[in-house]
Amino acid sequence: MPHLLTYAMTKSTNTTSKYILPGRQRGLSLIELMISITVGLLLLAGITTLIVQQSSARSELEKSSRQIENGRYAMDILRNDIEHAGFYSEYSPPLGSIYQRPNPCTEVDAGWDNGSFDNPDVPVPIYGYPNATDPVPTCLPNYKSGTAVLVIRRTATEPGYAAPNDFEVSQCPTDTKPFEIVSAVGGVGTLHQKDCTASPPGTLAIRRAYIERIYYISTCDVVDAGNACLDSIPTLKMKENGGSPVPLVEGIENMQLDYGIDTNGDGSPDSYTASPLAANWPDVMAVRVSLLARNNEPTAGYQDNKSYTLGSITIQSGSGIPATDVAYKRHVFSEVVRAINPSGRRAS
């Protein structure tokens, strides 16, 4: 019996060794491991490159979209005010009107002389400062040299009171003047409506806010209390009725204007010029607006060597675009805007 048990154990052990030893795990060789790591690194590099390219493309798309939005919005703002230029409530300046060019930096009602019905002094609805021959107003902080300045004068489209000046028009033939500016909110005017009744409030002339706006390009968007620039983003700004400049649209780098002059009195422009003669400003019936919009952030590796035509001038790298700004992408927006009120009076 002992011999049989020993034989059985020995046989069992041998059988186990016979079937287990040949099937054991031996792992990866060094060459196989290096190949696997190399393939993984190649895949990781490809995925990383794809992600970087997609991120860069998305970033450029966002910059372009913002640039287009800014350019269109700036054009909409200027178009709206140019179309309303010369709207003086119910008053329509007669042919004998004497048009003045008051300094927009002074009191907003300067230049109005409303003592005559037939030959009143009226400020021109549209006026511009195109170049150094017509000095730019001194009240525009951080004005960007070489860009145009546009001045629009009109009254509000909705009746109401607004500081600092309100404009009212006489509808009464016995009033002594055709219009007046009341300089205090809530102040009582002297002009009347058609019934000429002297007792207020129902028959006093309709009053609208008088608006004088200056549009210009600033070298920056944000300023401190002393108007010193805190950034370098070119911005379209607006100054209204002698107040502080208000940033409107970032990234508007340049603005040039060509004015459509009506020489035969039919209300349509016969020629365009960036520098009208002093006598031609009352004849401005349209404005060709050219805006150069740029991205707010530079594009890595980009060099702007293009030329941009803005009306009668051309801007390119080294001429209007400094070498420090060539990494920004740009686009020109241009549109001819009709001054509806001055041209409509002549056409009718």
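This is a guided tour of a predicted model, with suggestions on what to select at each stop.

Residues are numbered from 1 along each chain as its sequence is written. Because the model is predicted, local features need pLDDT of at least 70, side-chain atom pairs count only at pLDDT 80 or more, and totals for chains, interfaces and linings use all residues, while side-chain values use heavy atoms and leave out hydrogens and water.

**Stop one: the disulfides**

Begin by showing the cysteines, since a search of the whole structure finds 3 disulfides, a disulfide being a pair of cysteine sulfur atoms within 2.5 Å. Select Cys-105 and Cys-139, whose sulfur atoms are 1.9 Å apart and whose link is left-handed, with -75° about the S-S bond. Cys-105 lies in the loop between strand E1 (98–100) and strand E2 (121–123) and Cys-139 in the loop between E3 and E4, so the pair ties together parts that are 34 residues apart in sequence; strands (E, at least two residues) and helices (H or I, at least four) are DSSP runs, numbered from the N terminus.

Move next to Cys-172 and Cys-196, joined with an S to S distance of 2.0 Å in a right-handed link of 115°. Here Cys-172 is buried, at 3% relative accessible area, whereas Cys-196 is partly exposed, at 26%; buried means under 20%, exposed over 50% and partly exposed in between, with a 1.4 Å probe and protein chains only.

**Stop two: the largest nonpolar core**

Now select Ile-126, Leu-150, Tyr-259, Val-289 and Leu-291, which touch the most other members among the 38 residues of the largest nonpolar core. Such a core is a set of buried Ala, Val, Leu, Ile, Met, Phe, Trp, Tyr and Cys residues joined through side-chain atoms within 4.5 Å. Centre the view on Val-289 and, leaving aside neighbours within four places in sequence, look for its contacts (heavy atoms within 4.5 Å), which include Met-75, Leu-78, Ile-82 and Phe-333.

**Stop three: a sheet of three strands**

Finally, select residues 307–310, which form strand E13, where Tyr-308 and Leu-310 point to one face and are buried, while Ser-307 and Thr-309 point to the other and are not. E13 pairs with strand E14 (residues 313–317) in the antiparallel sense over 4 bridges, and two strands pair if DSSP finds at least two bridges between them. In the hairpin that these strands form, Gly-311 takes a positive phi near 65°. On following E14 onward, you will find that 2 bridges join E14 to E15, which run parallel, and that Gln-316 has Gly-320 as its bridge partner in E15.
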